[in-house]
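Here is a short briefing to read alongside the structure. It goes topic by topic, so feel free to keep the viewer open as you read.

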Amino acid sequence: MSDLLERLRGRGWRLTSQRRVVAEVLDGEHVHLTADEVHARAVALLPEISRATVYNTLGELVGLGEVLEVATDGRAKRYDPNAHHAHQHLVCSGCGAIRDVHPQGDPLAALPASERFGFTVSGAEITYRGLCPACTNRP
């Protein structure tokens with residue numbers, strides 16, 4: 001059983017066949033699918049699943065804190081099931097591919113007190129950008 005399915009079962013979230021399929025599609029390392037990609041993969045497993053059900057399920061998973069919604073550079077939002085492991089993202093500026101990365105150190109420590117303007121900082125989201133190997137090697 002996937003990590004996401006185990007977490008949802010542990011929360012007592014009712015796993016209908018539609019919800020289970022969405023969770024199964026999101027399973028895996030470095031998964032950052034758009035809602036349309038989730039729907040296309042879910043339809044392959046459960047042909048009767050509707051786009052609305054996929055969107056609603058994704059919204060519920062984000063609301064529960066079990067899936068992260070990742071928005072980059074005006075592209076379609078992507079959904080990241082790696083919500084419980086600290087990480088940042090590496091995004092290809094060419095094709096939009098996203099990878100989870102785990103830089104060393106505390107990103108909050110990189111912001112000096114003089115740059116916090118009195119804020120009590122509770123988190124940081126850092127996005128690294130560049131070109132993936134496939135985009136770098138395009139003619």
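In this predicted model, three strands form an open sheet in the order E5-E4-E6, and their pairing is mixed. The bullets below start with that sheet, then turn to helix packing and to salt bridges.

**The three-stranded sheet**

- The edges of the sheet are held by strand E5 (98-101) and strand E6 (127-130); each has a single partner strand, so one side of each is left without a neighbour in the sheet.
- On average, and with direction ignored, neighbouring strands here are turned by 25° against each other.
- Strand E4 (residues 88-92) runs parallel to its partner E6, and four bridges link the two.
- If you would like a landmark for the E6 side, look for Cys-92, which stands opposite Gly-130 in E6.

**Helix H1 against helix H2**

- The axes of H1 and helix H2 (residues 17-25) approach to within 8 Å and cross at roughly 140°.
- Angles over 145 degrees would count as roughly antiparallel, so H1 and H2 are classed as oblique to each other.
- On the H1 side, the contact is made by Leu-4, Leu-5, Leu-8 and Arg-9, while H2 contributes Arg-20, Ala-23 and Glu-24.
- By character, the residues of this H1–H2 contact are four nonpolar and three charged, with no polar ones.

**Helix H2 against helix H4**

- H2 also meets H4: their axes come within 10 Å and cross at roughly 70°.
- Crossing angles of 65 to 115 degrees count as roughly perpendicular, and H2 and H4 are therefore placed in that class.
- Gln-18, Arg-19 and Val-22 are the H2 residues in this contact, and they meet Thr-53, Val-54, Thr-57, Leu-58, Glu-60 and Leu-61 of H4.
- The make-up of the H2–H4 contact is four nonpolar, three polar and two charged residues.

**Salt bridges**

- Side chains of opposite charge can pair when their charged atoms come close.
- Searching the whole structure turns up eight salt bridges.
- One of them joins Arg-7 to Glu-66, with 2.5 Å between the closest N and O atoms.
- Arg-7 belongs to helix H1 (residues 3-11) and Glu-66 to the loop between helix H4 (51-64) and strand E2 (68-70), so this pair ties together parts that are 59 residues apart in sequence.
- Arg-7 and Glu-66 are both buried.
- Another salt bridge brings together the side chains of Arg-78 and Glu-37, at 3.4 Å from N to O.
- Because Arg-78 sits in strand E3 (residues 78-80) and Glu-37 in helix H3 (residues 35-45), that pair links parts that are 41 residues apart in sequence.
- Arg-78 is buried, at 16% relative accessible area, whereas Glu-37 counts as partly exposed at 31%.
- Lys-77 and Glu-69 also form a salt bridge, their closest N and O atoms being 3.7 Å apart.
- Both partners of that bridge are partly exposed: Lys-77 has a relative accessibility of 43%, and Glu-69 has a relative accessible area of 41%.
- Which residues are joined into one network by salt bridges that share partners? They are Asp-3, Arg-7, Arg-11 and Glu-66.

Note on methods: Residues numbered from 1 in each chain as written. Predicted model: local features only at pLDDT ≥ 70, side-chain atom pairs only at ≥ 80, totals over all residues. Heavy atoms only, no water. Salt bridge = Lys/Arg side-chain N within 4 Å of Asp/Glu carboxyl O. Buried < 20%, exposed > 50% of the residue type's maximum accessible area, 1.4 Å probe, protein only. Pairing = 2+ DSSP bridges. Axes fitted to C-alpha atoms, helices over the stretch in contact; angles between N-to-C directions. Parallel < 35°, antiparallel > 145°, perpendicular 65-115°, else oblique. Contact = heavy atoms within 4.5 Å. Nonpolar A, V, L, I, M, F, W, Y, C, P; charged D, E, K, R; others polar.
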